[in-house]
Structure formats: structure tokens, C-alpha cells
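Welcome! Please take a moment to look over the sequence and the model, and then try the exercises that come after them.

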Amino acid sequence: MIAFDSIPDLSGPAPGAGRSTALSGLRPSRRRTVLKAVALGALTIGSAALTLPGRARAETGPNALTGWDRTDCRDAYPTGYPEDGDTGGEFVGTYAACYAGAWRSSEFCEGGWHKYGTVTVGDVQVDHMPVATTCGTVTAKNAWRWTTPDGRVYRCSDGFSTYWGAGHTGQTYLTICRARV
């Protein structure tokens, strides 16, 4: 275990340390100017990095699902796509974000991604299976992000839902989970 008094004090030089020779060839006023320029340059580069649109990186969800991370979807669909309104869930009647699928709803979500597993709704059994083969025109992944005109960002995660019982005999549909991120 380290004793508290053995931790070096960083507010002063270490015992026996000599004086720094960095920038020692410059007059004190020039040294301050150089240090100010270095600090300003670091701040400028840092703030520019925060404001530049980054390259898309795939986000990873449960069950090793991957999705597109850009919020304009140009990485998954370079020419864009026509958004479809939700068919159920909490975002019905709001700006459309996702598209395709037989149904689009927050009801297909669990933890912000498409549900996985079997649930019973009344007397109907529904088997949910996320898929990574439908999102994207060149490379397929499970999900994409979209920003609606009000500035909100959503994840649209793909899956298949198979219905059994109450007149259903194993019909499978492409369903889209729409989750706020």
C-alpha cells in the first residue's frame, strides 16, 4: 500500500530537479507569446474537431448488432430515403424518421434496439429477431440514425416479427424499432 506522504507534490519541482531549459533561449515576453500560441492552437484544433462532421462509425448494440452512426443516413443510403410515419407506439403523429417494414413503432424496441425473443400479447405469440441484412444499400447493418426537423435523433433498428395464434399461422413481417437516442 502507498503511504499518503510518499505521493509527490506536483505544485513544485521534485527534490534535486534543475531548472527547465525549455524555451530558455527566448526573452520572457517571447516565451509567454510562444506558450500562448501553443495553448490557442490546441484550443482551436480541439474545438474544430468537435464541430467538424465526423466519419460514420458503426455503433454496437445488444447481440453484437451494428448500426450506422451518422444522423443524415448518407452512410447507409447515399441518396437518402423517403421517411415513413410510425404505425404504432409513442412517435405516431410526430415527424417520420424510419422507413420500410410492414410496421414501424417504439413497441418493437427494447433498450433502444429491436427486440429479441418471444413475447405473448393477449392470445398471440410474437417471435422477434433483429436482423443485420436490410439496412444499407452497399453494406447491410441492423440500424441507422436519423435527425428529424425538430432536431431529435432516433435509431431505426430492423428485425423480423413472426406472429402465431388468433388467426396467425407463422406470418413473418419486417418490423422497425424506432427509439430516441
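The exercises below cover the chain, its disulfides and one serine, and the model they use is a predicted one.

**Exercise 1. Describe the overall make-up of the chain.**

Step 1: Start with the secondary structure. The chain holds one helix and 10 strands. Reading from the N terminus, the order of elements is α-β-β-β-β-β-β-β-β-β-β.

Step 2: Turn to burial and surface. Of the 181 residues in the chain, 31% are buried. The accessible surface is about 11,600 Å², and carbon and sulfur atoms make up 58% of that.

Step 3: Look at the contacts. Among contacts with a separation of 6 or more, 52% are between residues 24 or more positions apart.

**Exercise 2. Find the disulfides and work out what each one links.**

Step 1: Search the whole structure; two disulfides turn up.

Step 2: Take Cys-98 and Cys-156, whose sulfur atoms are 1.9 Å apart. Cys-98 sits in the loop between strand E2 (66–67) and E3, while Cys-156 belongs to strand E9 (residues 153–165). These two cysteines are 58 residues apart, and the pair links distant parts of the chain. Both Cys-98 and Cys-156 are buried.

Step 3: Now the handedness of this link. The torsion about its S-S bond is about -85°, so the disulfide of Cys-98 and Cys-156 is left-handed.

Step 4: Move on to Cys-109 and Cys-177, joined with an S to S distance of 2.0 Å. Cys-109 is in strand E4 (residues 109–110) and Cys-177 is in strand E10 (residues 168–180), so this disulfide ties together parts 68 residues apart in sequence. Cys-109 and Cys-177 are buried. The link between them has 110° about the S-S bond and is right-handed.

Step 5: Finish with the pattern. When the bonded cysteines are numbered in sequence order, the pairing reads 1-3, 2-4.

**Exercise 3. Describe the surroundings of Ser-105.**

Step 1: Place the residue. Ser-105 is part of strand E3, which spans residues 103–105.

Step 2: Is Ser-105 buried or exposed? Its relative accessible area is 1%. The cut-off for buried is under 20%, so Ser-105 counts as buried.

Step 3: List the contacts, leaving aside neighbours within four places in sequence. Ser-105 then touches Asp-86, Gly-88, Gly-89, Ile-176, Cys-177 and Arg-178.

Step 4: Look at Gly-89 again. The side chain of Ser-105 reaches the backbone nitrogen of Gly-89 at 3.3 Å.

Step 5: Connect this with Exercise 2. Cys-177, one of the contacts of Ser-105, is the cysteine joined to Cys-109 by a disulfide.

Technical notes
Residues are numbered from 1 along each chain as its sequence is written. This is a predicted model: local features need pLDDT of at least 70, side-chain atom pairs count only at pLDDT 80 or more; totals for chains, interfaces and linings use all residues. Side-chain values use heavy atoms; hydrogens and water are left out. Helices (H or I, at least four residues) and strands (E, at least two) are DSSP runs, numbered from the N terminus. Buried means under 20% relative accessible area, exposed over 50%, partly exposed in between (1.4 Å probe, protein chains only). A polar contact is a pair of N or O atoms within 3.5 Å; within protein, one must be able to donate a hydrogen and the other to accept it, and residues adjacent in sequence count only if both atoms are side-chain atoms. Contact means heavy atoms within 4.5 Å. A disulfide is a pair of cysteine sulfur atoms within 2.5 Å. Accessible areas come from the Shrake-Rupley method with a 1.4 Å probe; for residues, only the protein chains shown count as cover.
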